[in-house]
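Subject: A structure for you to explore

Hello,

Here is the structure I promised to hand over. Have a look at it first, and then read on for what I found in it.

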Amino acid sequence: MAGKDADSKAGRRKFLTGFVAASAATAITPASRAADTLAQNAPRAPSALPPSGKAAEAETGTPRELARVPGTPGSDFMVDVIKALDIKYCPSNCASSYRALHESMINYGANKMPEFLTCMHEESAVGMAHGYFKAAGKPLMTLCHGTVGLQHATMGIYNAWCDRVPVIVIGGNDLDAATRPPGVPTFHSAQDINALVRDFTKWDDTPVSLQHFAQSFVRAYKIAMTPPHGPVMISLDAGLQQEPMKDHGDKPYIPRYVPTAPPQGDSGAVKEAARLLAGAQNPVIVADRAARTPNGVKLLVQLAEALQARVIDQGGRMNFPRTHTLSAPPTAVNNADVIIGLELSDFWATVNSYTDNAGNGGIGTNSSRIKADTKLISISSVELNTKANYQDFQRFQVIDVPMAGDAESTLPALIEAVKQAGPNKAALEKRAEAAKKAYAEGMERTRAAAALGWDASPISTARLCMEVYGAVKSLDWSLVASEGNVSNWPNRLWPIDKYTQWLGRSGGYGVGYGAPASVGAALANRDLGRFSVSIQSDGDLMYAPGVLWTAAKHKIPLLAVMHNNRGYHQEVMHVQRLSNFRNRVANLGGDMGPVGTSIENPDIEYHKLAESMGWWAKGPIKDPAQLGPALKEAVKVVQAGQPALLNVWTQPR
Ligand SMILES: Cc1ncc(C[n+]2csc(CCOP(=O)(O)OP(=O)(O)O)c2C)c(N)n1
Ligand SMILES: [Mg+2]
């Protein structure tokens, strides 16, 4: 302390001396005027003296000169391993626990395959990887600070787990208590960071040597990419990254990646399923994450047509063209005598209904949606990948023919078996006619419902969606996310018939998925020449709006059209429901709007928020007549390569 005090006194003395000298120089004399003239022609002096070397070092925290480490850094070898796999981007938020790998990726790996993308929140980075996979069919990796960063990333990882999407998460961690820096890096270290996400990742590891890393990384990629897909986690020791490679006798090598063939349903069960389906009076197909690729859609069309069975697409992926006359609403299960569920996340709720707070004491009531003797068939790969803690496996449903296997890979055998079982031709024709009629009537009803409140202000959700469709329909468009609840209008009214036109939802319903996932999917679409559009709700955007900056920074074109209903409307309704049930008037909170659920007063100016982060933006748009022209302008901006946001005020639903 004494030394510090003496230093600061000396500093004050120096400062005062400088001040006196400067005051003396301000006295005007002929000589000083001449000096002034000279000074005007001289280069302008800086208004502040440059900091001393010591001050600059203290302020910028530049580390002291380190002794040069001989040999190849371990993290350079890690880059070689990563480059052996097909990983194009690494959206990440920077952190010292992986600084060595970060440095190697830039200076050794030339920031390519993968390219580091600057993210402002770890949850955004995972969300981007999630959206990217669904548009590109390829996984991304993300690096994070293994404790605090991973804590931020967790909800995104849970969404990816529930949505069966591969994301390779690498968390930096300093394991060796004897050598790690004290203070912050020690706060940011843990024995086992992977424990944070072990309940909702397919696999994790903590490599302790470079060869171990090479095996773990290739294994992680392989496990993540084997259906059912899912996130994986590697804890990466800071020492292992920083230290030079050691020779343990064998030269470290990179294992070759050979994809694992997906599991298929048992052949006997496939035959039994085909027999039931072919013999049914009214078979119905229900698909949730059945199509993993565009080929899955083709196969599902083949199965549906072979049976002339109606298809309910629950929308976890784009499974079945909405334009096909066999496309059906959820109520189509009611009269089915055989139902086959393909990769359903919730079979129970497909065939049962639940009414919230309806029964005694506010407990929900259950009822069946189907006839008592309806036979149920299931093909689901998730049966091979169930964990105990989180309840994403949903309620237990008894199934007559359950198959643990990947639906898309099982479909060719099932289609063949159905054809061999030979469904009755006359019955097929009759069903096809009935389905056509039901489809036309359903579309008519949906159109009539969409027309209600067409000219309302704020804008109806149906008008919002149809104006957006009108603006993009002539392009090769992809609806990268539809967040908040717009009454499912895109799926009900847009002629979605290509796999990448609908990318499903978050999986775990963790809000805050839409903004980053749409940026990630737009990144994939940018590289593939597709136009990306999202319906972006207000609540979802505000969890981590920094991803808007990432989109602008990395030149990711995306048209984000806001469903700004100025609230967490789903939760408005939950509180209202409870008030009704208890026979109380919902507390509206006076001019503040519903308590705890409105996002009004002050109203968030999302267009300004986006503009401040490099987006083209416009709003608030409240008049439906202004929406079409604004969309036209925004589409042009996006086509020119810039992200654009329209802040549209909408009806709650
Ligand atoms: C991380 C997280 N926090 C809270 C919730 C509870 N929740 C479900 S829907 C919802 C409202 C979302 O608001 P917004 O995105 O604006 O959609 P809206 O319901 O208004 O259409 C909330 C907060 C959640 N699902 N996930
Ligand atoms: Mg909202």
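Helix H19 gives the most to the shell around ligand 1, with four residues. Please keep in mind as you read that this is a predicted model. Both helix H19 (538-543) and helix H21 (569-581) supply at least two residues of that shell. In total, 19 residues surround ligand 1, and the closest are Ser537, Asp538, Gly539, Gly567 and His569. If you sort the shell by character, you get five nonpolar, ten polar and four charged residues.

Some of the contacts with ligand 1 are worth zooming in on. An N or O atom in the side chain of Ser537 is 2.6 Å from an oxygen atom of ligand 1. With Gly539 the backbone takes part: one of its N or O atoms lies 2.8 Å from an oxygen atom of ligand 1. Glu571 has a polar side-chain atom 3.0 Å from a nitrogen atom of ligand 1. How much of ligand 1 does the protein bury? Taken alone, ligand 1 exposes 590 Å², and the protein buries 77% of that.

Next, the metal. Which residues coordinate the magnesium ion (ligand 2)? They are Asp538, through OD, Asn565, through OD1, and Gly567, through its O atom, at 2.1 Å. Along the sequence, these donor residues follow the spacing D-x26-N-x1-G. Asn565 and Gly567 are both buried. Notice that Asp538 and Gly567 also appear among the closest residues to ligand 1.

Between those two donors you will find Arg566, in the loop between strand S17 (559-563) and H21. Arg566 has a positive phi of about 55 degrees, although it is not a glycine. Is Arg566 buried or exposed? Its relative accessibility is 14%, so Arg566 counts as buried, the cut-off being under 20%. Asn601 is another residue other than glycine with a positive phi, near 55 degrees. Asn601 lies in the loop between H21 and helix H22 (606-612). At 37% relative accessibility, Asn601 counts as partly exposed.

Now for the sheets. Six strands form an open sheet in the order S9-S8-S7-S10-S13-S14, with parallel pairing. Strand S9 (327-328) and strand S14 (401-404) stand at the edges; each has a single partner strand, so one side of each is left without a neighbour in the sheet. Within this sheet, strand S10 (residues 338-342) and strand S13 (residues 375-380) pair in the parallel sense over five bridges. To find the place on screen, look for Ile339, which stands opposite Leu376 in S13.

Strand S1 (residues 89-92) is a good place to practise looking at strand faces. In a regular strand the side chains alternate between the two faces of the sheet. In S1 both faces are covered: Tyr89 and Pro91 on one side and Cys90 and Ser92 on the other are all buried. S1 and strand S2 (residues 115-118) pair in the parallel sense over four bridges, and Cys90 stands opposite Phe116 in S2.

There are also cis peptide bonds to look for. One joins Ser457 and Pro458, with omega about -10 degrees. Pro458 lies in the loop between helix H15 (425-451) and helix H16 (461-472). Another cis bond runs from Gly619 to Pro620, with omega near -10 degrees, and Pro620 lies in strand S18 (residues 616-621).

Finally, here are some pairs that are separated along the chain. Pro458 and Pro652 are 194 residues apart in sequence and 9.1 Å apart in space, C-alpha to C-alpha. Pro652 is found in the segment after strand S19 (644-648) and is partly exposed, with a relative accessible area of 33%. For Gln626 and Val648, the separation is 22 residues in sequence and 9.9 Å in space, again C-alpha to C-alpha. Gln626 has its place in helix H23 (residues 624-639), and at 44% relative accessibility Gln626 counts as partly exposed.

Enjoy exploring, and do write back with any questions!

Best wishes

Methods:
Residues numbered from 1 in each chain as written. Chains lettered and ligands numbered in written order. Predicted model: local features only at pLDDT ≥ 70, side-chain atom pairs only at ≥ 80, totals over all residues. Heavy atoms only, no water. Donors = N, O, S within 2.8 Å, 3.2 Å for Na, K, Ca; no water. Buried < 20%, exposed > 50% of the residue type's maximum accessible area, 1.4 Å probe, protein only. Near = heavy atom within 4 Å. Polar contact = N/O pair within 3.5 Å; in protein donor to acceptor, adjacent residues only side chain to side chain. Areas by Shrake-Rupley, 256 points an atom, 1.4 Å probe, with all protein chains shown as cover. Nonpolar A, V, L, I, M, F, W, Y, C, P; charged D, E, K, R; others polar. Pairing = 2+ DSSP bridges.
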